[in-house]
Amino acid sequence: MPLDERKRYLVTGGAGFIGSAVCRHLINETPHHVLVVDKLTYAGNLASLAPISGHARFRFLKADIADAEAMENVLREFKPDVLMHLAAESHVDRSIDRPADFIHTNVVGTFVLLEAAYRYWCKSLQARADAFRFLHVSTDEVFGSLGGDGLFDESSPYRPNSPYAASKAASDHFARAWHRTFGLPVVVSNCSNNYGPYQFPEKFIPLVILNALQERPIPIYGRGDNVRDWLHVEDHARALVLIAERGEVGATYIVGGGNERTNVEMARDLCRLIDELAPAARPRDRLIQFVDDRPGHDLRYAVDSGRIRQELDWAPREDLQGGLRKTVSWYIRNEAWWRPIRERVYAGERLGRRN
């Protein structure tokens, strides 16, 4: 790519699971410059950026997206061509315990960032303003719960059921409103459940893997028949860069892996892989324990990613079994990444039991 086509990417939440995957992709696979803005909450981890932290095209700034002055300053000084907004509180169980944190970051933070981006865009030279894109990254949970049939697509109505989903639905609506009312060049994406390396171990797949490796009980909500569509995080990262660079302004793109599994099926698949890769005295699936269900637990998510496949020529490269094998192998090899989290930040305790 010619030097004059190199872009400047500002990635909010870039020390998180999906954000760090996006940054590693941008540095390793493109010529673009990257500035990460991250508050470094419990789930933000600079170790997830260690593979690229010394690169000449990479910078990091600790800041809160809800800090208007800080956002104004970073946009003015860095002059991004693309703002990829991934900063969010994202765990449903924590949103039941502490919904205010989700309103602050996901709703107020998105509003502050949109306002700062709008002022930056208005003051930019015409060529930079024409090229600027604000990619707002969201979730399929905003659509609510599916029955046994059908898929969510870009025209599905919003029916969020958890405080997390409601906060992301609100932020989606704000992003679209700043495009339709003020002309800000916004693109929105909604994704299915992600998995892969560097995922904070409160989430389902790393929690199962680490509990199995440590031969601790593996809790499954209800009867484990809730269905999720699984997408490898590196496939998602590629999709997000494509959307940011080639997506239609004002449009929404849904990104999914097309891999539906019930939670109990996924847990058993992971246990079999762990038994193969890190043998123990007894099969790990004996550790599975069914526990009281989460309040408002959506039955099924599944998405139709036909638009991004057709318009942007994207398709996932990882099949589910291969991706899970790589993920389990990564956690086995990278105890130095996850053990400090388990010992100092989150030990695997039950969340989402607000009284």
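The exercises below work through salt bridges and one helix contact in this structure, which is a predicted model.

**Exercise 1.** Which parts of the chain does the salt bridge between Asp64 and Lys39 link?

*Solution.* Begin with the pair itself: the side chains of Asp64 and Lys39 meet in a salt bridge, with 3.5 Å from N to O. Next, place each partner, Asp64 being in the loop between β3 (58-62) and α2 (68-78), and Lys39 in the loop between β2 (33-38) and β3. The two residues are 25 residues apart, and the pair thus links distant parts of the chain. Finally, consider the surroundings of Lys39, which counts as partly exposed because its relative accessibility is 37%, a value in between the limits of 20% and 50%.

**Exercise 2.** Find the partner of Glu72 in a salt bridge whose closest N and O atoms are 2.3 Å apart, and state where both residues lie.

*Solution.* The partner is Arg119. Glu72 belongs to helix α2, whereas Arg119 belongs to helix α4 (residues 99-123), so that this pair, 47 residues apart, also links distant parts of the chain. As to accessibility, Glu72 is partly exposed at 22%, and Arg119 is likewise partly exposed at 32%. The last step is to look beyond the pair, where Glu72, Glu115 and Arg119 are found to be linked in a network of salt bridges. A search of the whole structure finds 18 salt bridges.

**Exercise 3.** Decide for Arg272 and for Asp269, which form a salt bridge, whether each is buried or partly exposed.

*Solution.* The closest N and O atoms of Arg272 and Asp269 are 2.4 Å apart, and both residues lie in helix α9 (residues 263-277), three residues apart, which is about one turn of the helix. Arg272, with a relative accessible area of 48%, is partly exposed. Asp269 counts as buried, because its relative accessibility is 14% and the cut-off for buried is under 20%.

**Exercise 4.** How do helices α7 and α9 cross, and which residues make the contact?

*Solution.* The axes of α7 (residues 204-213) and α9 come within 10 Å and cross at roughly 40°, and therefore α7 is oblique to α9. The crossing in which α7 passes α9 is right-handed. On the α7 side the contact is made by Phe204, Ile205, Val208, Ile209, Ala212 and Leu213, and on the α9 side by Asn263, Met266, Ala267, Leu270 and Ile274. Sorted by character, the residues of this contact comprise ten nonpolar, one polar and no charged.

Key
Residues are numbered from 1 along each chain as its sequence is written. This is a predicted model: local features need pLDDT of at least 70, side-chain atom pairs count only at pLDDT 80 or more; totals for chains, interfaces and linings use all residues. Side-chain values use heavy atoms; hydrogens and water are left out. A salt bridge is a side-chain nitrogen of Lys or Arg within 4 Å of a carboxyl oxygen of Asp or Glu. Helices (H or I, at least four residues) and strands (E, at least two) are DSSP runs, numbered from the N terminus. Buried means under 20% relative accessible area, exposed over 50%, partly exposed in between (1.4 Å probe, protein chains only). Axes are lines fitted to C-alpha atoms, for helices over the stretch in contact, and angles run from 0 to 180 degrees between N-to-C directions. Angles under 35 degrees count as roughly parallel, over 145 as roughly antiparallel, 65 to 115 as roughly perpendicular and the rest as oblique. A crossing is left-handed if the near helix is turned anticlockwise from the far one by less than a right angle, and right-handed if clockwise. Contact means heavy atoms within 4.5 Å. Ala, Val, Leu, Ile, Met, Phe, Trp, Tyr, Cys and Pro count as nonpolar, Asp, Glu, Lys and Arg as charged, and the others, Gly among them, as polar.
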